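Thanks for making the time this morning. I would like to walk you through one structure, starting with the whole chain and then going into a few places in more detail.

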Amino acid sequence: MQFRGLRRVCAGLFVLLSGAYLAWRLTIFNTDAPVLSWLFFGAEAIGVALALFTIFLSWGATNRKPGPVPGNASVDVFVPTFKEPIDVIRRTLEGAVAIEYPHRTIVLDDAGRVDVRALARDLGCTYHARGENIHAKAGNLNFGLSKSTAEFVMVFDADHIPQPNAIHQLLGYFEDPRVGLAQAPQDFYNLTSLQFVNAPNGATWHDQSYFYSIILPNADRFDGGICVGTGVIYRRSALDAIGGVPTDTVTEDLHTSLKMQKAGMATAFHPASVAYGIGESRLSDYYKVRLRWAHGNIHALRHENVFFCKGLSLRQRLNYLLVGLNYLEGWQYLIFYLIPVYSLLTGVPPFEITYFNLALIIGFPLVSYLLVQEFACGFGRFWVNEIYSMIRFPVAICASAAVFRNKLSWRPTSKQQDGRIEWQMMLPQLSVVGLSLGAIVFAVIQVWGEPQTGGMSQLLIKPEAIKTIDWTAEFEAGYSLDLLLVAGFWAMLNVIRGLIFVMKIIKTARQTHADHRFRVPLMVEMTPNSEHRGAYEVEEISLSYLRLKDGSQEAWQAGATIPARLYVPSGHVDVRLTASAEEGNAFDLHWNGSEGRQVLEHALYSVDWHRRLFHWQAEFTTPLRFLARVLRLGPKDQPVQHWRPRLRQTETGERVLHYVDQTGVEAGSMKALPSKPAIIAVEPEVKVALQGQR
């Protein structure tokens, strides 16, 4: 890994600085407000502890190599389902059936629906529904195990569309007889969902990028990988050895990997996605999933007595310790949100305020943020993490109940993509904004008229006074401009965080549609009998909607129906377009028959090909990388390959879709899409070009 040696030097520097800082902080408590001082110190100590675990988890991340894929292993693919929309289940089952390795696809329907049974029959899947759905997903999987005799079992959630090489990618890890499960990252095709941040150039980041890119590869070095429940292959004998899928907690996935590791088995992590699911767009769904993870993880650690049980190594215990301690972040941020409010309302600071103290208390977080961003190896960024911490803090606080409470009831997410803004779910964050603004107004009123000025406020009025400043002089207690400047700054920062959070929710809602719109550049050609004859680049498309690239702007007559030909990598389909009255370059998409619709659906929901061509995982510029770039040290960053669609005429006169980069170099030919959702195989020259995007 690039800069590994320098990062370890930075890690040592951080340990020294943080130790010295915390020791010094104990000396500047406000003796008139000891509880307030201890709360503030505790919040800072939590931040340092989490940063130290970040160092531990990024110390030596590596990816293990799978062995050869056995050609005759028996594999059953489980798709557990419970009331998901039928179209969502259908796409997943079509992808599961299309997996290239010989296998049997088994639908485990906990809702016992007639339409799901019929769908399974039509697609050639085995269907099972149990009489009572106790223990939620874990119980359903155990029921499936009772109907299976395969040597390996692969599990996909009902909304996760498998890629055809899914089994091939994971099965080779079981060459090691110690491996009980092999896990791939959980990934999503709707990049407009709440957990994603997308750049205009196609780079994507989501709030689990650091977990899957750094934490799990690092944990994999000492068999500390964590199962996430979908995109995973289990060795059947390993499940039998631990008594099946655990039902004691609501996170059967982490609990399964923990029990396997306690039994002396290994867990393997595969660094590439093998399926793509539906990310949460509703805040309520996001909270349901995160609360289930948080509560279940803490409960599993308590249930298995992870810190004192037999069978785990020290590194494995530390890895699970972070899983539990990570949810202290909620309490940490709650303290950071409320202390400025308290100080503005009472005039009581949480520490002795001097210029020197302020310089260190403001300076240390800035230095530590830079160092921690370096440890995150490009998968974490301060401000983005701050916004997501504000999103998650209510969930982390609620999850703390798992320390005392037993199993949480299973609450499935809706999987609905309706663009709803749930204002009631934002009450914790809106309360922070309201309290902070109210406290600022209250403090302004207190100092209005005859403001008590202090060293800081006088310095702002006369900057030249810095030459004679007494850095150790303590600011006077009570309401003053100094208090308003210090506490008001942090309160306003929290207001900005909250407002950006609200903007993020609103933006997500506006980009969310029941028929998901993919930003996949295709080509559409208006037929010869159209007055707008010609080929145009598609910028966004769904099964019912199409929007042309802005550069293709023309005066389309609203409501006019235009016959057209839509080109996808597997060929073309004839469609009818109705120009939108609201958007100048947008059209409603109509089909001449179901076959054409299926061709586009298979192209769009065969996610991996366009994810690799047009969207890739973002790596933020770390301080060391930025410094190396400025000083021109080391190799230059490879330019991002931007592929644009074009139509090319073959020797037979047929027009086909292909892609070129910004210099006009072709991306190479692409093989035809299979009849079911699957990856599009690209030629070697495309794969070489794609490496510059990673």
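I will begin with the overall figures, then turn to the barrel, then to a small sheet with a helix beside it in my list, and finally to a single asparagine.

Please keep in mind throughout that what you have in front of you is a predicted model. The protein chain has 694 residues, and 56% of them are buried. Its secondary structure comes to 21 helices and 20 strands. If we take the contacts in the chain with a separation of 6 or more, 76% of them are between residues 24 or more positions apart. The accessible surface is about 30,200 Å², and carbon and sulfur atoms account for 58% of that area.

Now to the barrel. Six strands close into it, in the order β12-β13-β14-β17-β16-β15, and the pairing is antiparallel. From one strand to the next, the twist averages 45 degrees. As a general reminder, strands of a sheet pair through backbone hydrogen bonds, and they can do so in a parallel or an antiparallel way.

Let me start with strand β12, which covers residues 522-526. Which strands does β12 pair with? On the one hand there is β13, residues 534-541, which pairs with β12 in the antiparallel sense over five bridges; on the other there is β15, residues 561-568, again antiparallel, with four bridges to β12. To find the first of these pairings on your screen, look for L522, whose bridge partner in β13 is V538, and then for M526, which stands opposite G534 in β13. For the second pairing, go to M523, whose bridge partner in β15 is Y567.

Why do we describe β12 as largely enclosed by the rest of the structure? The reason is that five of its five residues are buried, so the strand is largely enclosed by what surrounds it. In a regular strand the side chains alternate between the two faces of the sheet. In β12 both faces are covered, with L522, V524 and M526 buried on one side and M523 and E525 buried on the other.

Moving along the barrel, β13 is mostly covered, with six of its eight residues buried. A hairpin of three residues joins β13 to β14, and these two strands run antiparallel, with three bridges between β13 and β14, the latter being residues 545-548. Here V538 comes up again, because it is useful as a landmark: V538 stands opposite L548 in β14, while L522 of β12 is also a bridge partner of V538.At the β15 side, β15 pairs with β16, residues 571-579, in the antiparallel sense over eight bridges, and one of the pairs to look for is R565 with its bridge partner D574 in β16.

Next comes the small sheet. Three strands, in the order β7-β8-β18, form an open sheet whose pairing is mixed. Strands β7 (196-198) and β18 (616-617) stand at the edges with a single partner strand each, so one side of each is left without a neighbour in the sheet. Strand β8, residues 203-206, pairs with β18 in the parallel sense over two bridges, and the bridge partner of A203 in β18 is W616.

Helix α7 runs over residues 209-220, and its 12 residues reach 16 Å from the first C-alpha to the last, close to the 16 Å expected at 1.5 Å a residue. How many of the residues of α7 are buried? The count is 11 of 12, and the helix is mostly covered; among the buried residues are Y210, Y212, I214, I215 and L216, together with polar ones such as N218 and D220. The cover over the buried residues of α7 includes two strands we have just met, β8 and β18, as well as α2, β10 (266-269) and α11 (314-325).

Last, the asparagine. N30 lies in the loop between α1 (4-25) and α2 (34-57). Is N30 buried or exposed? Its relative accessibility is 11%, under the 20% cut-off, so N30 counts as buried. The side chain of N30 reaches the backbone oxygen of P349 at 2.8 Å. Leaving aside residues up to four places away in sequence, N30 touches S37, V348, P349, P350, F351 and E352.

That is where I will stop, and I am happy to go back to any of these places on the screen.

Conventions
Residues are numbered from 1 along each chain as its sequence is written. This is a predicted model: local features need pLDDT of at least 70, side-chain atom pairs count only at pLDDT 80 or more; totals for chains, interfaces and linings use all residues. Side-chain values use heavy atoms; hydrogens and water are left out. Buried means under 20% relative accessible area, exposed over 50%, partly exposed in between (1.4 Å probe, protein chains only). Two strands pair if DSSP finds at least two bridges between them. A polar contact is a pair of N or O atoms within 3.5 Å; within protein, one must be able to donate a hydrogen and the other to accept it, and residues adjacent in sequence count only if both atoms are side-chain atoms. Contact means heavy atoms within 4.5 Å. Axes are lines fitted to C-alpha atoms, for helices over the stretch in contact, and angles run from 0 to 180 degrees between N-to-C directions. Accessible areas come from the Shrake-Rupley method with a 1.4 Å probe; for residues, only the protein chains shown count as cover. The expected span of a helix is 1.5 Å times one less than its number of residues.
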